[in-house]
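This report looks at how aromatic rings are arranged in the model and at how the protein meets one of its DNA strands.

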Amino acid sequence: MTFALVDANNFYVSCERLFAPQLEGRPVVILSNNDGCAVSRSAEAKALGIGMGRPYFQWQKLAEQQGVVVLSSNYALYGELSARMMRLLGSLSAAQEIYSIDESFLRIPVQGDAALLWGHSTRRRIRKELGLPVCVGMGPSKTLAKLCNHWAKKGRGTEGVCDWDSIPATQKARWLQKTPVDAVWGIGRQLGVRLGQQQIHQVMDLLRANPVALRHRYGVVLARIHKELQGVSCLPLEQVPPKHRHIQCSRSFGHATEKLADLEESLSVHTQRCAAKLRQRGQMAQGIHIQIRSSPHRGCYYSGVAFRRLARPSNDYRELWSAVKAALAEAYRPGVRYVKSGILLSDLQDMDAPETRSLFIPETDAPECRDKKQADLTDVLSRLQKRYGKAAPGFGVAGLRAPRAWSMRTDKRSPRYLSEWSDIPVVRAGYSTTTSSAPTSRKAASTIADSFSSKP
DNA sequence: TCTGGGGTCCTAGGACCC
DNA sequence: TCTGGGGTCCTAGGACCC
């Protein structure tokens, strides 16, 4: 039995290129929310030295000089393409774990040469049917499949597919000696530094290290990674995603603000998103944490946090909101330039879980006696939100669409080709624009039309 | 001027139990 | 006068992932 890891190459960039083929071969970078940092880079952009997670303002000049195409992230587009890729992968394997928006662990019932064949044919199908470039790594454990995926992306002669058991011994030794230890899944920067202090620099050093000493010095996580690297599978395929234990909604502001009213508005939006997520997942929350903070990159950093526990679990906006508002009053300090607010819900439980009644809450307040009108209102609002998305009515100030001080900046976003009727590409003559200038939906749609116009 | 968002897991330390 | 041993649970903080 073999684990496979299929991972899209610079996924967000590849999604954008699918609808804008003129971006092929050009340096492209996708920015995080608020146009803050680089989160996806084409090979050409990586070659220019634009690092993952680097703030935009630090390389903006370089980008302008080098003609880098810079886009805001378009999650509606990436989410839809991800769903299509996952469906296709599910149909090509015995079992599937969707690990992130652009990668999937799979169990495949073949080994050796047959595994390599499977890898190449899967890669071709995704390219042909979805237009997305992917790499395939395979091995007897998830960690080795991950490592092979890394080699499939970097190694010469792999053609995007690498299987642990099929790598010739000398080649394998060379790669293990060349690959830094923090390229291994689960070993980040800190652990990499600590391992370096013990003269463990490359993956080969780690493989040869004493497992007892590793366990003692670095804990169970590294001990498990070590086992996995030796081909002993310790991490099962998680076909059914475990229920979430927290729900989080937070956003940085487009501009800093000192006003309590701005914080209230943004937190009200987060509360509604949290409530919607809860209902979507069939859950209720009892613990509510809020955070408001200034920029950690400036002097006088302030982070205000506060916690409230509801008398009973809820997913009703108004119950959550009254707790959030009280928490905000506690966390707020005047005169601070706030740049971010957020909510974290904890103590989640299923809606259909039997409720432990409180001795101190009157029977008339039990769920079956709760105000029927309130339940009806929530129900209608969720249905409207499901149908109309962001345009649906909401509570209080949160539903207003006019940009506020705290609204995000996303002025470089491409059209939502796959989820908005108005953004579907149409063929119209007479436009020509570059995608690096901020495209409105229409303009960019026409750009795309230009690039497709030779194929009616 | 300008630095994302949403998760999980592990560990250490303290409070508490009998 | 003298006060052990073996647990659980919770929380905060840190590290990791994409």
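Rings of Phe, Tyr and Trp, the last represented by its six-membered ring, are taken as a pair if their centres lie within 6.5 Å. In this predicted model, Phe11, Tyr12, Tyr75 and Tyr78 form one aromatic cluster. A search of the whole structure finds 14 aromatic pairs, among them one between Tyr99 and Phe105, which is edge-to-face with 5.6 Å centre to centre and 65° between the planes. Tyr99 also forms an edge-to-face pair with Trp185, at 5.5 Å centre to centre and 85° between the planes. Because Tyr99 lies in strand E5 and Trp185 in the loop between helix H7 and helix H8, this pair ties together parts that are 86 residues apart in sequence. Phe105 is buried, with a relative accessible area of 0%, whereas Tyr99 is partly exposed at 36%. The charged end of Lys142 sits over the ring of Phe105, 4.8 Å from its centre, and that of Lys172 sits over the ring of Trp164 at 4.0 Å.

Turning to DNA strand B, 24 residues surround it, of which Gln248, Ser250, Arg251, Ser252 and Arg298 come nearest. Strand E9 gives the most to this surface, with six residues, and the surface as a whole divides into seven nonpolar, nine polar and eight charged residues. Of the strand B atoms within 4 Å of the protein, 73% belong to sugar or phosphate. Polar contacts to this strand include the following.

| Protein atom | Atom of DNA strand B | Distance |
|---|---|---|
| Arg245, backbone N or O | phosphate oxygen | 3.1 Å |
| Ser250, backbone N or O | phosphate oxygen | 2.7 Å |
| Arg251, polar side-chain atom | sugar or linking oxygen | 3.1 Å |

Notes
Residues numbered from 1 in each chain as written. Chains lettered and ligands numbered in written order. Predicted model: local features only at pLDDT ≥ 70, side-chain atom pairs only at ≥ 80, totals over all residues. Heavy atoms only, no water. Near = heavy atom within 4 Å. Polar contact = N/O pair within 3.5 Å; in protein donor to acceptor, adjacent residues only side chain to side chain. Helix = DSSP H or I, 4+ residues; strand = E, 2+ residues; numbered from the N terminus. Nonpolar A, V, L, I, M, F, W, Y, C, P; charged D, E, K, R; others polar. Phe/Tyr/Trp six-rings, centres within 6.5 Å; stacked < 30°, edge-to-face > 60°. Buried < 20%, exposed > 50% of the residue type's maximum accessible area, 1.4 Å probe, protein only. Lys NZ or Arg CZ within 6 Å of the ring centre and 35° of its normal.
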